[in-house]
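Visitor: I'd like a close look at a single part, please: the salt bridges. How many does a search of the whole structure find?

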Amino acid sequence: MSIEPIGFMVLLLGVLSMLNGARFAITALCLSTLLGAAAALQLPALGGSSIQPSHLLVLFLVMAALLRPVQMQATLASIAYPGPGFWFACYILFSVVSSFFLPRIFAGATLVYSSARDPSGMMSTVAAPLAPGSSNLSQSVYLLGDLACFAVVAGLARLGYGRFIAQQLIVASIACFAFALIDLATFQIGQAQLLDIIRNANYTMHTAETIHGFKRIVGPFPEASAYGAVALAYFGFTLMLWLERVQSRMAGLATLLIGPTIVLCTSTTAYVAGVFVLCMFVLFCLKRLIGGPATTAHMMFLAITLFFIPCAITALSLVPDAWNSIAGLLTTTVSDKLQSQSGEERTAWNTLALIAFVDTATFGAGLGTVRASSFIAALLSNVGLTGTALFAVFVYSLVRAVGRYKSGDRETHAIGTAAVMASIAQIGSAAISGSGTDLGLLFSTSAGLAAGCLAGAYVPRHRAAPSPARRHPLEASASPVRAPMFSTQ
């Protein structure tokens with residue numbers, strides 16, 4: 001194991017998170033989820049795996065919660081039956097168990113594209129017989145980190161930190177836009193190496209690609225599709241907050257900034273998933289318009305999407321040069337994508353993944369065994385029908401929580417709804433181009449925030465009030481009484 005220069009900074013932030021408590025830890029975690037191409041640790045013994053800063057910070061986030069009994073109680077309560085956290089925990093624990101048994105049970109039963117990397121960080125481009133690999137362990141660790149992140153964030157949201165977590169996600173969305181500007185600027189001046197400190201992971205980097213004269217925006221991620229998926233999640237989150245008039249100025253600014261980068265990132269994933277997300281928002285606003293209560297923001301969004309955008313496209317078609325450039329871009333990234341070399345490779349991955357699902361009698365080959373190019377195909381081929389069903393129940397329970405929330409706190413409900421939208425946006429993006437079953441820590445953060453906000457406040461059942469002399473200073477920030485966000489049920 002080797003520690004990268006950025007890894008020392010992450011370790012320092014981790015120690016400060018333990019000392020300063022939940023607010024500092026959440027801020028560091030939200031910002032670190034943007035560093036998708038960075039590596040804090042390198043693990044050559046595990047096939048050249050790279051540990052990202054966000055995954056390392058999750059360890060300190062959990063330890064910070066362990067030092068504060070109330071936060072730890074709320075964390076455990078967030079994965080109790082019958083809430084969404086229970087089903088998320090079942091899905092992840094089943095996936096981890098499958099990573100050990102299924103690759104050995106079905107060894108050699110079919111051909112797969114392995115998720116394991118060689119020491120150079122490359123994945124095999126040749127199908128090989130199904131067999132256990134280093135990715136079984138690494139993917140299990142990542143998913144357990146996702147569960148820990150979900151539980152802690154959900155617990156903190158139930159203790160009254162929901163508004164603060166939402167603010168940090170808005171800040172992270174603005175930072176995502178800033179990274180896009182830096183990426184474009186360093187590319188234009190020929191100094192892209194300035195970002196090497198946050199592009200040091202053992203991945204294949206596609207940071208200098210162009211399509212029809214448009215630079216593919218990757219920001220702090222290894223490729224444009226990864227940036228587009230994250231930017232779309234932030235767009236969905238901030239747009240919902242603006243529509244619901246929660247942190248409206250800051251959320252509205254973030255929406256205006258991050259929206260154009262999705263259009264300019266030239267990612268097929270972002271374009272297709274973006275249409276899906278916009279349709280969800282149109283239906284949401286129409287429902288508000290018909291059933292109420294609708295606000296000026298809802299009316300404005302419908303006017304922009306249903307009137308001004310079509311008019312702008314029509315006007316743009318009258319300018320031949322601009323129209324030809326944009327039409328060529330859309331043709332390359334959407335219409336001709338399946339005919340490209342990348343499209344053919346991804347089709348082959350999904351085909352073998354679905355064949356593996358059938359050849360393993362729908363049990364799956366085990367977490368981290370099969371590489372695909374769609375989250376759905378990855379679920380079926382890795383964790384089979386059982387794992388897929390558990391994840392579907394989790395998503396269903398998360399969405400149902402929006403309608404079941406009866407606390408009466410409008411702001412908390414809006415934050416929870418925005419987090420659900422961000423989570424669905426990430427699932428939609430992964431369904432188009434996700435190579436595995438790990439949706440990442442941003443998904444765990446948004447889903448945890450949604451589950452925590454929509455579950456209502458957590459009240460410790462047996463918490464004796466310590467005397468001032470005996471109270472540990474680290475526990476002071478753990479008490480929900482200090483800055484409650486919503487009333488106790």
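Guide: Let's fix one word before we start: buried means under 20% relative accessible area, exposed over 50% and partly exposed in between (1.4 Å probe, protein chains only). This is a predicted model, so local features need pLDDT of at least 70 and side-chain atom pairs 80 or more, while totals for chains, interfaces and linings use all residues. Numbering runs from 1 along each chain as its sequence is written, and side-chain values use heavy atoms, without hydrogens or water.

On to your count: the search turns up five salt bridges, each a side-chain nitrogen of Lys or Arg within 4 Å of a carboxyl oxygen of Asp or Glu. I'll walk you through three of them, starting with Asp183. Asp183 pairs with Arg199, and their closest N and O atoms are 3.0 Å apart. The two come from distant parts of the chain: Asp183 belongs to helix H6, Arg199 to the loop between H6 and strand E6 (210-211), with their positions 16 residues apart. (Helices, H or I of at least four residues, and strands, E of at least two, are DSSP runs numbered from the N terminus.) Asp183 counts as buried because its relative accessible area is 1%. Arg199 has 9% relative accessibility, so Arg199 counts as buried too.

Asp183 has another partner. Its side chain also meets that of Lys215 in a salt bridge, 2.8 Å from N to O. Since Asp183 sits in helix H6 and Lys215 in strand E7 (residues 214-215), this pair ties together parts that are 32 residues apart in sequence. Once again, both Asp183 and Lys215 are buried.

For the next bridge, look along the chain to Arg288. Arg288 bridges to Glu244, with 2.9 Å between the closest N and O atoms. Arg288 is in helix H9 (residues 268-291) and Glu244 in the loop between H7 and H8, so parts that are 44 residues apart in sequence are tied together here. Arg288 and Glu244 are both buried. Back at the earlier pairs, shared partners join Asp183, Arg199 and Lys215 into one network.

Lys215 is worth a second look, by the way. Its charged end sits over the ring of Phe187, 5.4 Å from the ring's centre. (For that label, NZ of Lys or CZ of Arg must be within 6 Å of the ring centre and within 35 degrees of the ring normal.) You can see this kind of arrangement elsewhere as well: Arg104 lies over the face of Phe100, at 4.6 Å from the ring centre.

Now stay with the loop that holds Glu244, as its backbone has some quirks. Arg245 lies in that loop, between helix H7 (224-243) and helix H8 (248-264). Arg245 is not a glycine, yet its phi is positive, about 60 degrees. Its relative accessible area is 52%, so Arg245 is exposed. Gln247 is found in the loop between H7 and H8 too. Gln247 has a positive phi of about 50 degrees, again without being a glycine. With 17% relative accessibility, though, Gln247 counts as buried, because that is under the 20% cut-off.

If backbone oddities interest you, here is one more. The peptide bond between Tyr81 and Pro82 is cis, with omega at about 5 degrees. You'll find Pro82 in the loop between helix H4 (69-77) and H5.
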